[in-house]
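This report describes one protein model together with its nucleic acid partner. It takes up ring pairs, charges over rings, nonpolar cores, the RNA surface and backbone angles.

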Amino acid sequence: MAVDILAKIKQEISYQVGQELGIGQDLVYKVIEYPPREEMGDLAIPFPALGKKPQNLEVKSRFVKSHSLSGPFLNLKLDEAQLFKELFSSLDQDYGIERVEKPRRIVVEHTSANPIHPLHIGHLRNSVIGDALVRLSKARGHEVITRFYVNDSGRQVAILIYGLSKLGYPEPPKEAKKDLWAGTVYAMTNIILEIRALTDELKTVQDAEYREKVTKRDELVGLASEIRSRNQEYFDRLAEAIRDDPDPEGKIADIIRKYEAGDPQIKEIVRKYVNYVLDGFRESLSKLNITFDEFDYESDLLWSGEVKSVLRSALSSRARIEHKGTEALDLDKYLDDEVRKELRIPAGLEIPPLVLTRSDGTTLYTVRDIAYTIKKFLTSKADQVINVIAEQQTVPQIQLRAALYLLGYPEMAKNLVHYSYSMVTLPGMTMSGRLGRYVSLDEVYEKVKQAVEEKTKDRGQVNIPEIVNSAIRYALLSVSADKPITFNVGKVTNFEQNSGPYLQYTYVRAYNILSKFTGEISLDVDYGDLAGEKRRLLLAIAKFPETFKNSADSLEPEVLVSYLRYLADTFNAWYDKERVLQEQDEKKRMTRLNLVKGVEIVMRNGLRVLGISSLTKM
RNA sequence: GGACCCGUGGCUCAGCCAGGACAGAGCGAAGGCCUGCGGAGCCUUAGGUCCCGGGUUCAAAUCCCGGCGGGUCCGCCA
């Protein structure tokens with residue numbers, strides 16, 4: 001079992017200082033920080049934060065080499081020899097991967113794209129973040145279940161099925177990627193329907209509105225001709241069939257209704273095509289080593305009666321109201337300030353009522369999501385459910401928590417986390433799955449792959465997929481989730497310092513030094529050698545357990561990413577200046593080998609929990 | 001109009017939640033470093049009113065209030 005040496009040292013120091021000042025150890029521990037500049041020391045205690053200002057203070061610890069008062073700070077310099085000895089005598093392969101004392105059961109739902117078109121770079125951010133959260137939490141010792149919610153009973157799937165019906169329910173060509181193929185049919189059908197709807201509207205409007213709609217229709221017609229080029233035969237057949245259909249909207253509503261009711265014929269059709277698209281998703285995500293434990297179909301919740309039961313409970317709730325002639329829940333009225341705070345609902349937000357049913361009696365997405373959330377908590381016996389969902393759904397997610405609370409599931413409401421992330425945009429283009437306008441995950445993957453192939457073409461056997469994976473993951477994980485990203489392929493294929501491949505490359509350097517050393521790495525070292533970057537490396541290695549805990553517990557992969565970047569920079573700066581294997585002095589060589597070993601282990605473990613493989617050559 | 005998120009060198013970001021000492025990186029720019037463990041590397045230099053204005057504090061990029069700018073949402077869509 002690896003030990004967090006730095007935590008041990010900080011505890012010892014805070015105990016000492018606490019005794020001297022007559023305050024609690026925990027309080028001191030909490031305020032210990034790292035000075036901004038090296039020459040100040042390795043640790044600092046700001047006295048005002050403790051409400052004390054001692055004249056002089058003795059810190060007696062074998063780990064502390066010296067200390068000095070500087071303004072309001074007590075600066076401590078650690079004894080690198082003691083730290084080194086303690087750290088490397090207990091270093092093992094799992095170093096830094098600190099497990100929690102009380103593991104929890106955590107469900108992470110992520111990606112959950114509509115099964116009607118291929119995954120695009122917006123979903124990619126969701127998948128990569130979700131997967132990193134899964135890996136971080138698992139490494140921390142939690143039991144994690146990964147789930148994908150299949151939205152198979154909405155209007156969008158119905159549109160796809162409607163389009164397919166007009167084509168006589170064709171099979172995708174053998175060589176085609178099935179999600180891509182379905183996405184084309186969906187976008188064609190949708191555009192044709194939208195144009196038709198707009199054309200109908202033109203008959204009843206006039207003047208400014210008329211001109212606006214004409215412009216909009218012209219745009220759609222332009223897009224239509226673009227998408228027609230993907231498959232002219234499909235497009236022309238769809239256009240003709242939909243033109244001849246007296247009531248497409250009725251047919252689509254019919255599909256939704258029959259599917260919700262579990263009509264065996266439509267069930268078989270819908271499931272077949274939805275599963276084709278899911279096959280495509282799995283194929284794309286497997287390239288990034290992303291998998292799921294469960295795929296949960298929205299329709300199963302309808303057929304099993306789980307949605308009905310939620311609806312019944314909602315209809316008998318005291319919060320039930322009539323809203324615009326239909327059934328709804330008033331989520332605003334019955335939650336006091338304290339509850340809102342507990343549920344992380346902004347104080348100033350007027351929560352919109354939750355509409356429960358359409359006038360034809362069918363249920364809406366959020367109602368089904370209530371049922372799904374309950375299912376996630378119950379079937380996995382989860383302590384916490386994390387939904388990785390775009391920021392656009394902030395309000396619906398709030399409605400969800402509020403509704404759970406009101407319907408008698410306050411614990412679930414409190415333990416449901418919306419892990420929000422901001423949009424991914426493309427330079428000079430807005431994406432729209434509805435209109436078939438997007439850059440798919442597969443395209444991004446291929447572009448990055450080409451760049452990697454170009455870069456490695458003279459290097460023999462190299463694990464190209466793992467380099468592509470690291471470049472993509474790093475690009476999406478190094479930016480905090482709540483920042484919007486403009487996805488720039490040029491940047492992702494730049495494998496210089498700020499990149500996943502840079503980290504992998506650093507690992508390769510460390511690994512190769514170790515692989516060329518045939519002896520035994522011992523602790524018979526020269527502590528005097530621990531200066532400059534080597535001392536910095538020692539400190540950095542010592543900080544890894546704390547950084548990992550921080551990153552995992554706060555669900556912030558970017559914290560770990562920045563740390564690994566710093567470690568790599570420090571290692572590379574040293575690597576260029578001094579030799580390890582060629583060092584003549586045996587004890588110095590041994591000092592350095594230990595440090596390289598430390599970097600190797602930390603880099604490998606750190607990358608692993610981000611879903612990035614450490615390669616031994618590249 | 002209301003709510004939420006974002007605003008840090010020319011560009012892209014870290015640091016903000018848990019306030020602390022002259023604000024860190026990368027890209028781009030200028031100039032250097034390959035007889036040595038893999039140059040996807042290293043070393044210099046230039047470049048910053050941390051959006052603005054108040055407030056709290058011994059201490060504010062960080063917390064609070066008010067603005068400004070950008071994004072997102074406010075549907076019997078999901």
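The sections below go through these topics in turn.

**Aromatic pairs**

The model is predicted, and it holds 17 aromatic pairs. In one of them, Phe571 and Trp574, the ring centres are 6.0 Å apart and the planes stand at 70°, so the pair is edge-to-face. Both residues belong to helix H22 (residues 557–577), where a spacing of three residues puts them about one turn of the helix apart. Phe571 has a relative accessibility of 1% and therefore counts as buried. Trp574, at 2%, also counts as buried, the cut-off for that class being under 20% relative accessible area.

Phe571 also pairs with Tyr575: the ring centres are 5.9 Å apart and the planes are at 45°, so this pair is tilted. Phe571 and Tyr575 are four residues apart in helix H22, about one helical turn. With a relative accessible area of 25%, Tyr575 is partly exposed.

Elsewhere, ring pairs join Tyr169, Trp181, Tyr234, Tyr273 and Tyr276 into a cluster.

**Charges over rings**

Arg282 places its charged end over the ring of Phe295, 4.6 Å from the ring's centre. Lys543 lies over the face of Tyr34, and here the distance to the ring centre is 4.0 Å.

**Nonpolar cores**

The largest nonpolar core has 163 residues, and the members that touch the most others are Ile13, Ile45, Leu124, Ile386, Ile472, Ile541 and Leu567. Helix H6 (residues 178–202) gives the most to this core, with eleven residues. Ile45 shows what such contacts look like: leaving aside residues up to four places away in sequence, Ile45 touches Ile13, Val17, Val28, Val31, Ile32, Leu50, Pro72, Phe73, Leu74 and Leu76. A second core, separate from the largest one, has 37 residues, including Leu301, Leu343, Ile351 and Ala371.

**The surface near RNA strand B**

RNA strand B is surrounded by 68 residues, of which Arg37, Arg459, Lys483, Lys491 and Arg565 are the closest. Of the atoms of RNA strand B that come within 4 Å of the protein, 61% are accounted for by sugar and phosphate. The table gives distances from polar side-chain atoms to phosphate oxygens of the strand.

| Residue | Partner in RNA strand B | Distance |
|---|---|---|
| Arg368 | phosphate oxygen | 3.3 Å |
| Glu496 | phosphate oxygen | 2.9 Å |
| Tyr502 | phosphate oxygen | 3.5 Å |

Several elements give two or more residues to this surface: strand E1 (43–46), strand E3 (73–78), helix H14 (365–379), helix H17 (441–456), helix H20 (500–516) and H22. The largest share, eight residues, comes from H20. H22, which also carries Phe571 and Trp574, is thus listed among the elements of the RNA surface as well.

**Positive phi angles**

Most residues other than glycine have a negative phi. Thr111, although not a glycine, has a positive phi of about 70°. Thr111 sits in the loop between strand E4 (105–109) and helix H4 (121–139), and with a relative accessible area of 6% this residue is buried.

Asn289 is another residue other than glycine with a positive phi, near 60°. The loop that holds Asn289 runs between helix H10 (264–286) and strand E6 (294–297). Asn289 has 31% relative accessibility and so counts as partly exposed.

Key. Residues numbered from 1 in each chain as written. Chains lettered and ligands numbered in written order. Predicted model: local features only at pLDDT ≥ 70, side-chain atom pairs only at ≥ 80, totals over all residues. Heavy atoms only, no water. Phe/Tyr/Trp six-rings, centres within 6.5 Å; stacked < 30°, edge-to-face > 60°. Buried < 20%, exposed > 50% of the residue type's maximum accessible area, 1.4 Å probe, protein only. Lys NZ or Arg CZ within 6 Å of the ring centre and 35° of its normal. Core = buried A, V, L, I, M, F, W, Y, C linked by side-chain atoms within 4.5 Å. Contact = heavy atoms within 4.5 Å. Near = heavy atom within 4 Å. Polar contact = N/O pair within 3.5 Å; in protein donor to acceptor, adjacent residues only side chain to side chain.
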